[in-house]
Number of protein chains: 2
Amino acid sequence: MRVGEGTVVAPGPGEVRLNVAYCGICGTDTHIYHGAMDKRVKMPQVIGHEASATVAEVGEGVTGFAPGDAVVVRPLDNRLETPADRGHSHICKNLKFIGIDSPGAFQNSWTVPAFTLHKAPVGTDLKLAALCEPLAVACHDVTRAGLKPGELAVVMGGGPIGMLVALVAREAGAQVVLSEVNPFRLKLASELGIEAVHPGETDLVALCAEKSGGSGADVVFEVSGAKAAAASMTDLLAIRGRIVVVAIYPQPVEINLFHFFWKEIQMLGARVYEPADYEKALRLIADKALPLEKLITFVKPLTELPQAFRELDENPNAMKVLIDCRAQA
Amino acid sequence: MRVGEGTVVAPGPGEVRLNVAYCGICGTDTHIYHGAMDKRVKMPQVIGHEASATVAEVGEGVTGFAPGDAVVVRPLDNRLETPADRGHSHICKNLKFIGIDSPGAFQNSWTVPAFTLHKAPVGTDLKLAALCEPLAVACHDVTRAGLKPGELAVVMGGGPIGMLVALVAREAGAQVVLSEVNPFRLKLASELGIEAVHPGETDLVALCAEKSGGSGADVVFEVSGAKAAAASMTDLLAIRGRIVVVAIYPQPVEINLFHFFWKEIQMLGARVYEPADYEKALRLIADKALPLEKLITFVKPLTELPQAFRELDENPNAMKVLIDCRAQA
């Protein structure tokens with residue numbers, strides 16, 4: 001990974017050129033950094049997809065955006081969608097992910113299709129707006145769960161996404177318990193006002209029963225990707241409880257299908273986000289509804305991008321790391 | 001297993017004494033026969049729970065039923081239901097299954113709570129009505145799937161329940177493909193007008209794609225209980241496809257959670273039935289909407305119950321075996 005001179009790409013028809021403000025480093029970016037996604041990422045390539053920005057110039061035919069507008073980018077390119085996708089644009093079979101399959105946001109100037117943009121409300125902090133992408137993931141997860149006020153939700157895994165899911169679930173009116181093994185993350189969750197427990201130290205089944213009048217959890221968000229979590233998640237649920245699979249499991253894992261039958265459990269996957277999730281996330285950011293600032297571990301300028309990746313790699317306690325991509329004064 | 005003299009139990013308040021007409025042998029009955037459920041079944045005990053009957057006498061306070069009425073029994077006793085079950089009576093935590101946890105229907109005279117009864121429409125064939133219980137299972141499975149006309153449903157496993165699920169799914173207007181390895185069952189399915197394929201001989205993924213304009217199956221009913229089916233079922237599904245877990249898996253099995261994430265798949269369990277499923281099943285039987293007669297392998301009198309279990313055990317091709325429980329003339 002190196003820092004170098006890029007090219008300013010003039011916006012074509014339907015495109016917008018952005019001055020990137022901040023861009024977060026995603027777990028996927030670290031996978032790319034480790035060479036795990038070389039099949040999709042053609043080197044050399046600029047990556048990064050968690051960006052806030054201001055509009056620099058708009059291409060032909062673009063309406064609704066003007067230079068100076070604060071925006072965030074929903075980095076999904078569904079232009080190869082077909083009728084076989086049945087309208088599920090955000091997870092269409094030939095979806096291209098901007099920043100992985102095409103150039104990303106770790107640069108001053110970035111040119112993207114206008115349909116990927118959401119305008120940030122006036123006064124939105126662009127640093128926090130760089131959390132819009134992972135926050136939209138969390139909003140999508142909570143929406144997929146159909147989470148209702150008063151329900152008991154267990155979030156398994158307290159990384160950045162797990163923490164955001166817990167915050168959004170609580171904002172939706174649910175009781176939330178976060179299950180996590182890392183002491184730093186447990187402490188951070190507590191500081192965010194989220195009840196957080198170590199599953200090796202607390203009997204989660206008993207805790208869920210206690211908090212629900214004996215019924216069990218309504219929803220489990222599986223964000224950890226751990227085999228042990230997959231094996232135990234069905235134990236926690238009430239009759240007709242729901243599991244949302246947020247984590248990416250590269251290999252099949254053992255699941256207790258007997259519990260699915262016995263309690264008529266439901267499990268559903270959740271991937272990326274739809275436009276409404278972005279709008280919800282932007283509102284939460286603009287309203288300062290969530291303590292997002294506390295999730296930012298550090299911010300580094302674009303010139304120190306390689307150091308930022310190294311530091312993130314070496315720090316098991318890191319949450320979100322942002323890159324300040326603004327052209328240096 | 002032996003045949004002997006039973007006791008005629010006079011109906012108490014809220015109970016009804018039945019003259020049993022026919023009672024089918026369920027897979028669960030054969031498990032009991034093999035000693036696999038000795039923890040729940042207290043010997044000696046009359047088993048059997050797939051019964052049609054006529055009312056012999058009604059106990060105090062019973063309304064809506066009179067001697068001579070043709071009925072079927074929904075063998076679920078939810079009298080120990082609690083608020084923690086949240087109204088899911090049919091799968092409440094302390095559910096008792098009549099014919100397993102309490103005496104069953106392989107007898108001439110059977111006394112049951114009146115709330116378990118559904119009146120069969122006038123003229124209903126009581127032999128076919130004995131299929132109401134497994135047919136209600138199939139109706140419940142199809143309802144849980146939310147199956148819509150024109151959707152593509154794959155049924156994995158062509159035993160009695162799989163065959164009934166396929167028939168109910170087709171009656172609901174779906175395109176149906178049954179996956180089964182037993183040549184006899186494949187042939188029987190074809191005779192019932194159901195497209196049936198051997199998953200080792202037909203590329204099911206390609207078949208589903210072909211039948212759905214490239215999308216994949218809308219619903220997979222997993223009725224086989226086979227590890228290989230659990231491992232492959234997620235391959236068949238369209239984006240946002242649904243899996244209904246009907247089979248009972250005693251051990252955890254490997255599931256491809258990546259597909260859940262990637263295609264936002266949904267999986268839900270389905271167990272027994274609710275009252276509406278019984279009403280649906282009774283209507284299908286009374287209307288002769290399904291070729292149920294073809295699923296009856298043989299009928300034996302109650303005096304030959306042990307032989308019936310032995311023959312069923314020795315015949316891998318058997319579908320439904322009915323016991324004629326009517327008092328011999």
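Which way do B:Q266, B:M267, B:L268 and B:G269 point from strand β14 (residues 266-269) of chain B, and are they buried or exposed? In this predicted model, B:Q266 and B:L268 point one way from the strand, while B:M267 and B:G269 point the other way. All four residues are buried.

Strand β14 of chain B is paired with a strand of its own chain and with a strand of chain A. Within chain B, strand β12 (residues 237-245) runs parallel to β14(B), and 4 bridges join the two. In this pairing B:V244 stands opposite B:L268, a residue that points from β14(B) to the same side as B:Q266. Across the interface, strand β14 (residues 266-269) of chain A is joined to β14(B) by 3 bridges, and these two strands run antiparallel. Here A:M267 has B:M267 as its bridge partner.

A further strand pairing between the chains involves β13. Strand β13 (residues 253-255) of chain B and β13(A) run antiparallel and are joined by 3 bridges. The bridge partner of A:I255 in β13(B) is B:V253.

The interface as a whole brings 46 residues of chain A into contact with 46 residues of chain B. The two chains bury about 4000 Å² between them, and 58% of this area lies on carbon and sulfur atoms. On the side of chain A, the residues that lose the most area to chain B are A:L257, A:F261 and A:R271, which together account for 17% of what that side buries.

Polar interactions also cross the interface. The rule finds 6 salt bridges between chain A and chain B. A salt bridge is formed by B:R86 with A:D218, with the closest N and O atoms 2.5 Å apart. Residue pairs in polar contact across the interface, with both residues at pLDDT 80 or more, number 23.

Several elements of chain A contribute to the side that touches chain B. At least two residues each are supplied by α3 (132-145), β12 (237-245), β13 (253-255), α8 (257-263) and β14 of chain A. Of the elements, α8(A) gives the most, with 6 residues. By residue class, the side of chain A that touches chain B divides into 23 nonpolar, 11 polar and 12 charged residues.

Definitions and conventions:
Residues are numbered from 1 along each chain as its sequence is written. Chains are lettered from A and ligands numbered from 1 in the order in which they are written. This is a predicted model: local features need pLDDT of at least 70, side-chain atom pairs count only at pLDDT 80 or more; totals for chains, interfaces and linings use all residues. Side-chain values use heavy atoms; hydrogens and water are left out. Buried means under 20% relative accessible area, exposed over 50%, partly exposed in between (1.4 Å probe, protein chains only). Two strands pair if DSSP finds at least two bridges between them. Contact means heavy atoms within 4.5 Å. Buried area is the accessible area (1.4 Å probe) that two parts lose on being put together, summed over both. A salt bridge is a side-chain nitrogen of Lys or Arg within 4 Å of a carboxyl oxygen of Asp or Glu. A polar contact is a pair of N or O atoms within 3.5 Å; within protein, one must be able to donate a hydrogen and the other to accept it, and residues adjacent in sequence count only if both atoms are side-chain atoms. Ala, Val, Leu, Ile, Met, Phe, Trp, Tyr, Cys and Pro count as nonpolar, Asp, Glu, Lys and Arg as charged, and the others, Gly among them, as polar.
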